[in-house]
Amino acid sequence: MSHEPRPGTVVSCTLLVTALVAGATACGSDGNPLSSRPYDATDQISFNVPGGDARKADPDKPLEVRAEDSDGRITDVTALDATGRYVAGELAADGSRWHSTEPLAADAHYTVRVSTEDEDGAPGRRVLTFDTGKPTAKKRLTVTFGPGAGTYGVGRPVTAELSQPIKDPAQRAVVERALKVEARPAVQGGWHWVDDKTLHYRPKDYWPAHATVRVHSNLDGIKVGDRLWGGKAKDAKLTIGDRVIAVTDASSHSLTLYRNGEEVKQIPVTTGKPGFETRNGVKVVLGKEYFVRMRGTTVGIAEGSSESYDLPVYYATRVTWSGEYVHAAPWSVGSQGYANVSHGCVGMSTSNAEWFFDNVREGDIVQVVNSDGDTMETFGNGFGDWNLDWKKWREGSALTGGKQKTQEDTPRLQPAAV
């Protein structure tokens with residue numbers, strides 16, 4: 001904010017810049033060419049420097065700027081470190097005080113630019129520099145990003161696993177603000193706290209086909225909480241393949257695979273029978289297994305009961321951790337395309353299962369519609385992230401939402417846009 005100076009005597013405005021630091025140094029005006037002959041406010045700024053100038057600022061304490069003369073006010077403050085990272089802050093409505101609203105980085109060099117205005121509207125400028133010391137805390141918060149490097153389908157969320165649980169909303173905001181996801185082409189996306197140690201990031205819609213996604217953490221050296229500081233993290237990079245969406249309609253007993261919006265193949269299938277209905281909703285391919293031994297006991301079916309089974313299964317594409325697959329089911333070929341007779345999986349002929357196995361990858365979308373089953377769990381049984389609408393997804397962010405909510409009950413689903 002700047003004003004044209006009016007004739008009259010410039011009334012001094014004494015500013016107190018409190019890094020509540022253990023040390024800081026001052027330098028002259030920044031000479032902003034857009035300013036209207038700003039006066040040098042050097043003599044009007046003082047530091048509270050506990051321990052003397054030789055010590056570095058304590059990053060545990062906030063940065064604060066005060067105007068102590070009621071005839072003057074602060075109009076703007078910018079604080080950034082040597083890497084160009086700004087410190088968020090809040091200026092009082094009357095211009096009497098500015099304070100940082102996020103932690104300072106440890107072992108960093110900061111430049112603070114303060115703009116002032118006297119009672120006649122004459123602008124003043126002051127540039128301050130100081131260094132922060134190293135954190136004394138021993139606890140470090142590290143983050144591990146997923147998935148690993150590779151090519152994935154358009155439905156694969158980015159994951160962040162934290163080394164320490166973070167429950168406090170303000171601390172979550174610090175963490176989330178430091179986790180950066182960049183996609184080319186750009187997309188609208190956001191983080192969602194799954195639990196105290198896990199975050200997922202997804203776009204509003206699926207990733208664009210053939211996008212490049214880079215993930216980075218700025219947590220290193222940042223104070224998260226009392227004696228808890230951010231540590232280093234390994235960046236992640238993944239590429240997105242074709243837009244592959246397989247839609248299974250339980251009522252018509254068919255699976256249709258679309259690639260980049262074009263229908264590629266329709267396959268007759270069988271889905272879960274009454275009492276074992278296949279989950280509705282959007283799922284994501286978790287992996288592919290050429291051979292799986294499937295036993296009813298693993299899903300709670302008593303051995304020796306009428307529903308008991310123990311079968312060798314080939315070309316199994318996993319979509320839930322609890323054991324739901326798209327797989328070869330040669331024993332039910334007579335029912336495929338006509339009736340639902342499985343225990344929850346999507347079954348098809350061996351040749352069709354092999355084709356499906358060869359034409360999907362981890363992260364591709366498998367959506368089930370018109371089943372009488374429950375909706376796919378949002379978290380904990382795979383990636384059901386897409387079953388939350390965008391508004392509810394953003395409610396799980398520490399920056400854009402409030403209390404997390406579960407997905408809406410959806411009795412009947414229609415295929416999403418492919």
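A salt bridge here is a side-chain nitrogen of Lys or Arg within 4 Å of a carboxyl oxygen of Asp or Glu. Keep that in mind for the first views; the model shown throughout is a predicted one.

**View 1. Arg-279 and Glu-324 pair up across two loops.**
The side chains of Arg-279 and Glu-324 meet in a salt bridge, at 3.1 Å from N to O. Arg-279 sits in the loop between β24 (262–268) and β25 (281–284), while Glu-324 sits in the loop between β27 and β28, so this pair ties together parts that are 45 residues apart in sequence. Glu-324 is buried, with just 5% relative accessible area, whereas Arg-279 is partly exposed at 22%. There's a bit of a crowd here, too: Arg-279, Lys-283, Glu-324 and Glu-377 are linked in a network of salt bridges.

**View 2. Two other salt bridges, Arg-259 with Asp-242 and Asp-81 with Arg-85.**
The structure holds 14 salt bridges, and here are two to look at. Arg-259 and Asp-242 join through their side chains at 3.3 Å, N to O. Since Arg-259 belongs to strand β23 (residues 254–259) and Asp-242 to the loop between β21 (236–240) and β22 (244–249), the pair ties together parts that are 17 residues apart in sequence. Both partners count as partly exposed, Arg-259 at 23% relative accessibility and Asp-242 at 21%. In the other pair, the closest N and O atoms of Asp-81 and Arg-85 are 3.2 Å apart. Asp-81 is buried, with a relative accessible area of 6%, but Arg-85 is partly exposed at 27%.

**View 3. Thr-317, tucked away in strand β27.**
Look for Thr-317 in strand β27, which covers residues 310–318. Thr-317 counts as buried because its relative accessible area is 1%, and buried means under 20%. Leaving aside residues up to four places away in sequence, Thr-317 touches several others, including Val-285, Tyr-325, Phe-356, Phe-357 and Val-360. Glu-324, the salt-bridge partner of Arg-279, is also among the residues that Thr-317 touches.

**View 4. The largest pocket.**
About 790 Å³ of space lies in this pocket. It is lined by 38 residues, and those closest to its centre are Tyr-309, Gly-323, His-343, Gly-344 and Cys-345. Strands β26, β27 and β28 (325–328) each give at least two residues to the lining. The largest share, four residues, comes from β26.

**View 5. A nonpolar patch on the surface.**
Tyr-290, Phe-291 and Tyr-314 make up a nonpolar surface patch of about 330 Å². Tyr-290 is part of strand β26 (residues 287–295), the strand that also supplies the largest share of the pocket lining in View 4.

**View 6. Some unusual backbone spots.**
Most residues other than glycine have a negative phi, and most peptide bonds are trans. The bond from Gly-146 to Pro-147 is cis, with omega near 0°, and Pro-147 is in the loop between β12 (143–146) and β13 (151–152). Arg-184 and Pro-185 are also joined by a cis peptide bond, with omega about 0°; Pro-185 lies in the loop between β15 (179–184) and β16 (189–195). As for positive phi values, Asp-107 has one near 50° in the loop between β8 (97–100) and β9 (109–117). Asn-260 has a phi near 55° and is found in the loop between β23 and β24. Asp-107 is partly exposed at 47% relative accessible area, and so is Asn-260, at 38%.

How values were computed: Residues numbered from 1 in each chain as written. Predicted model: local features only at pLDDT ≥ 70, side-chain atom pairs only at ≥ 80, totals over all residues. Heavy atoms only, no water. Patch = residues over 30% accessible without salt bridge, like charges linked within 9 Å, V, L, I, M, F, W, Y side chains within 5 Å. Areas by Shrake-Rupley, 256 points an atom, 1.4 Å probe, with all protein chains shown as cover. Buried < 20%, exposed > 50% of the residue type's maximum accessible area, 1.4 Å probe, protein only. Contact = heavy atoms within 4.5 Å. 1 Å grid on protein atoms, 1.4 Å probe; cavity = no way out; pocket = protein on both sides within 12 Å on 5 of 7 lines; lining within 4 Å. Points joined across faces, edges and corners; volume = space filled by probe spheres on them.
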